[in-house]
Amino acid sequence: MAVAYAVGVGPGDPELVTRKAERILRAADLIVAPVSRAGEPSVALETVRSFLDDRRQQILQLPFPMTPDRDQLVDAWRTAAGVIADNVASGRDVAFITIGDPLFYSTFIYLLGILRSEWPGVPVEIVPGITSFCASAAAGSVPLVEADECFAVIPATAGIERIIEALSRFDTVVLLKVRPLFGDILEMLRQTGRTGTTLFAERVGSERQLILTDFEQIAAHTPDYLSLMVVRRSPAPGASFHS
Ligand SMILES: C[S@@+](CC[C@H](N)C(=O)[O-])C[C@H]1O[C@@H](n2cnc3c(N)ncnc32)[C@H](O)[C@@H]1O
């Protein structure tokens, strides 16, 4: 029986795609890649393009608009889930690709819910990928947590109060989606004394990768959507930060 795969392709470097993901992608009949708008480049697709053969495989880019409008979002999720389910029902293996990991802040989570409730007969297999924060910590040589340290991941869109609370409770806080609140985050990092222990990472794994640990350089930069921060309470052994 055909299978719907959710394949995490890692942060953007083809060498950080797992061997299992590569094997499944080379064999799939249909690759579904999310894009924010029709015609926009798909980071996930560019990451795995060299593994695909478009004479033999169909590649479909489906738009998932970045909008707070729940109806529009649900429409996009239902359309994608329907395409996946119909193709699997007709015997084709489908691979839905996603940056990082499919179960870590990914659109695939919504598709999984719809597939489970509306097409329970469709077999789903999830292939984990290297998350953006693991790749960022590695690129910056900044330990995430060691010994009995604890950490939290906060999408900055959750609001500055959630970030302040997390910083007070956890040894390390990873901030995703930092762009919309960047100015407020910088101010809060100054006030909470984290200027010497913050890593900024953008487009990790791509040719445009930028890693900054000097707070003045971080503050002078204008981040794009694919950027995050790793904020430690204290510098870890081996980490090189500059305030
Ligand atoms: C919707 S989440 C996707 C997370 C992804 N599923 C993962 O496992 O990392 C999008 C956020 O992840 C972070 N991100 C994803 N890829 C990144 C990259 N290559 N470099 C830096 N940050 C990245 C950014 O904070 C971005 O706003």
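User: Which residues come nearest the ligand?
Analyst: This is a predicted model. In it, 23 residues surround the ligand, and Pro11, Gly100, Ser132, Leu176 and Val204 come nearest.

User: How do the residues of that shell divide into nonpolar, polar and charged?
Analyst: The shell around the ligand has 10 nonpolar residues, nine polar ones and four charged ones.

User: Which helix and strands each supply at least two residues of the shell?
Analyst: Helix 5 (132–140) does, and so do strand 8 (198–202) and strand 10 (227–232).

User: And where does the ligand shell lie relative to the domains?
Analyst: The shell lies between domain 1 (4–127) and domain 2 (132–232), because both give residues to it.

User: Back to Leu176. Is strand 7 mostly covered or open?
Analyst: Strand 7 (residues 172–176) is mostly covered, with five of its five residues buried. On one side these are Thr172, Val174 and Leu176, and on the other Val173 and Leu175, so both faces are covered.

User: Which strand is joined to strand 7, and how many bridges are there?
Analyst: Strand 6 (residues 151–155) is joined to strand 7 by five bridges, and the two run parallel. Within this pairing, phenylalanine 151 stands opposite threonine 172.

User: Changing topic: how many residues has the largest nonpolar core?
Analyst: The largest nonpolar core has 33 residues. Tyr5, Val7, Ile84, Ala95 and Phe96 have the most contacts inside it.

User: Which elements each supply at least two residues of this core?
Analyst: The strands are strand 1 (4–8), strand 2 (30–35) and strand 4, and the helices are helix 1 (19–27), helix 2 (43–48), helix 3 and helix 4 (108–118). Helix 3 gives the most, with five residues.

User: What is phenylalanine 96 in contact with?
Analyst: Setting aside neighbours within four places in sequence, phenylalanine 96 is in contact with Ala4, Tyr5, Ala6, Val7, Val32, Ile84, Phe108 and Leu111. Apart from the core that holds Phe96 lies another core of 27 residues, and Phe133, Leu176, Ile185 and Ala201 are among them.

User: One more residue. Where does arginine 92 lie?
Analyst: Arginine 92 is in the loop between helix 3 (70–89) and strand 4 (94–98).

User: Why does arginine 92 count as partly exposed?
Analyst: Arginine 92 has 17 C-beta neighbours inside 10 Å. A residue needs 20 or more to be buried and 12 or fewer to be exposed, so arginine 92 falls in between.

User: What does arginine 92 touch?
Analyst: Not counting residues up to four places away in sequence, arginine 92 touches Ala2, Asp29, Leu30 and Asn87. Its C-alpha atom is separated by 7.6 Å from that of alanine 28, which is 64 residues apart along the chain.

Technical notes: Residues are numbered from 1 along each chain as its sequence is written. This is a predicted model: local features need pLDDT of at least 70, side-chain atom pairs count only at pLDDT 80 or more; totals for chains, interfaces and linings use all residues. Helices (H or I, at least four residues) and strands (E, at least two) are DSSP runs, numbered from the N terminus. Two residues are in contact if their C-beta atoms, placed from the backbone, lie within 7 Å. A residue is near a molecule or strand if its C-beta atom, placed from the backbone, lies within 6 Å of it. Ala, Val, Leu, Ile, Met, Phe, Trp, Tyr, Cys and Pro count as nonpolar, Asp, Glu, Lys and Arg as charged, and the others, Gly among them, as polar. Domain bounds come from an automatic or database domain assignment. A nonpolar core is a set of buried Ala, Val, Leu, Ile, Met, Phe, Trp, Tyr and Cys residues joined through C-beta atoms within 7 Å. Two strands pair if DSSP finds at least two bridges between them.
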